[in-house]
Amino acid sequence: MGTVHRLPATAEGVTPREAVRVYLATISHAESVGTKRVYGAVLHRFAAYFADAAGIADLDGAKVTEWFTGQWAGRAPDTWNTALSALRAAVGYWAEQGWLTTDPTVALRRDAVEELLTREGIPLRERTLWRMLYETAARSAEVLGLDVPDLDLPNRRARVRRKGGQLDTIVWQTGTARLLPRLLKGRTVGPVFLTERRARVELPPGDVDPATGRARLSYRQAEDLFKAASGGATLHQLRHSALTHDAEDGVNTPMLQARSGHSSVRSLTRYARISAEALARHQAERDPARRR
């Protein structure tokens with residue numbers, strides 16, 4: 001027989017600690033011991049931080065995002081993704097119980113990404129970089145490593161060197177296509193993304209624009225600028241968001257693999273955690289009653 005878990009009758013008074021306890025109790029299969037341990041480590045930290053909240057329904061999305069990015073923004077991408085998967089899985093369960101009416105993990109999903117990419121006052125270089133990262137779903141290092149001759153502007157594509165060293169093609173959309181010519185201003189050589197000032201130290205010739213002496217924009221500087229604008233999020237989240245949104249829209253595995261540059265299909269599973277909203281949309285679109 002299965003295990004019976006006593007659920008609170010209403011959302012009122014369901015504290016974060018109680019909500020975490022009940023959710024983790026649902027991960028009861030023997031083969032899920034590892035998942036329960038990893039998710040538990042994340043969710044117990046969540047419950048401890050929000051221990052003073054009167055109820056799980058009272059959580060503020062901005063505060064949850066601030067806590068999450070503060071905990072994991074500096075970690076490896078896989079660690080970030082695992083922690084986010086744990087929190088999103090728990091949030092999905094709590095929503096199913098009626099304890100939540102809004103998703104406190106919504107930061108950097110579709111609306112939030114679009115707001116960031118179109119926000120006024122963002123410099124052209126950052127707008128172009130962020131838009132390209134989201135539209136191509138490429139890794140930050142792959143895009144920051146681009147040189148102007150790598151670009152095929154008429155066909156909206158470029159050759160990049162993927163993780164592991166293999167050459168591959170990334171393809172962008174209209175947003176990036178409109179920004180790139182403005183960023184380049186007719187340049188035909190040198191790195192695509194440059195620092196604002198001339199390099200102060202000697203660098204390899206390939207990392208310097210010969211006309212201006214400006215250096216290739218570093219990952220660290222690009223990351224710091226994005227964190228400042230996004231409230232602590234990482235550049236990797238643009239890639240993660242793009243692939244997650246593709247998965248929610250039903251993009252097939254071969255296309256996801258081509259977009260991500262992953263050599264292993266197994267690596268794509270982290271992006272295939274469909275939100276409750278996307279699942280509801282999928283079901284509604286395929287509901288036979290709608291066709292009558």
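Glu18 is partly exposed, with a relative accessible area of 26%, where buried means under 20%, exposed over 50% and partly exposed in between (1.4 Å probe, protein chains only). Its side chain meets that of Arg21 in a salt bridge of 2.9 Å, N to O, a term for a side-chain nitrogen of Lys or Arg within 4 Å of a carboxyl oxygen of Asp or Glu. Arg21 is likewise partly exposed, at 44%, and because the two residues are three apart in helix α1 (residues 16-25), about one helical turn separates them; helices (H or I, at least four residues) and strands (E, at least two) are DSSP runs, numbered from the N terminus.

This is a predicted model, in which local features need pLDDT of at least 70 and side-chain atom pairs count only at pLDDT 80 or more, while totals for chains, interfaces and linings use all residues. Residues are numbered from 1 along each chain as its sequence is written, and side-chain values use heavy atoms, with hydrogens and water left out.

Another salt bridge, between Glu196 and Arg125 at 4.0 Å, N to O, links strand β4 (residues 194-198) to helix α6, across 71 residues of the chain. Here Glu196 is exposed, at 56%, whereas Arg125 is buried, at 9%.

The largest nonpolar core has 36 residues, such a core being a set of buried Ala, Val, Leu, Ile, Met, Phe, Trp, Tyr and Cys residues joined through side-chain atoms within 4.5 Å. Among the elements that give two or more residues to this core are α5 (110-118) and β2 (157-161), and α6 gives the most, with five residues.
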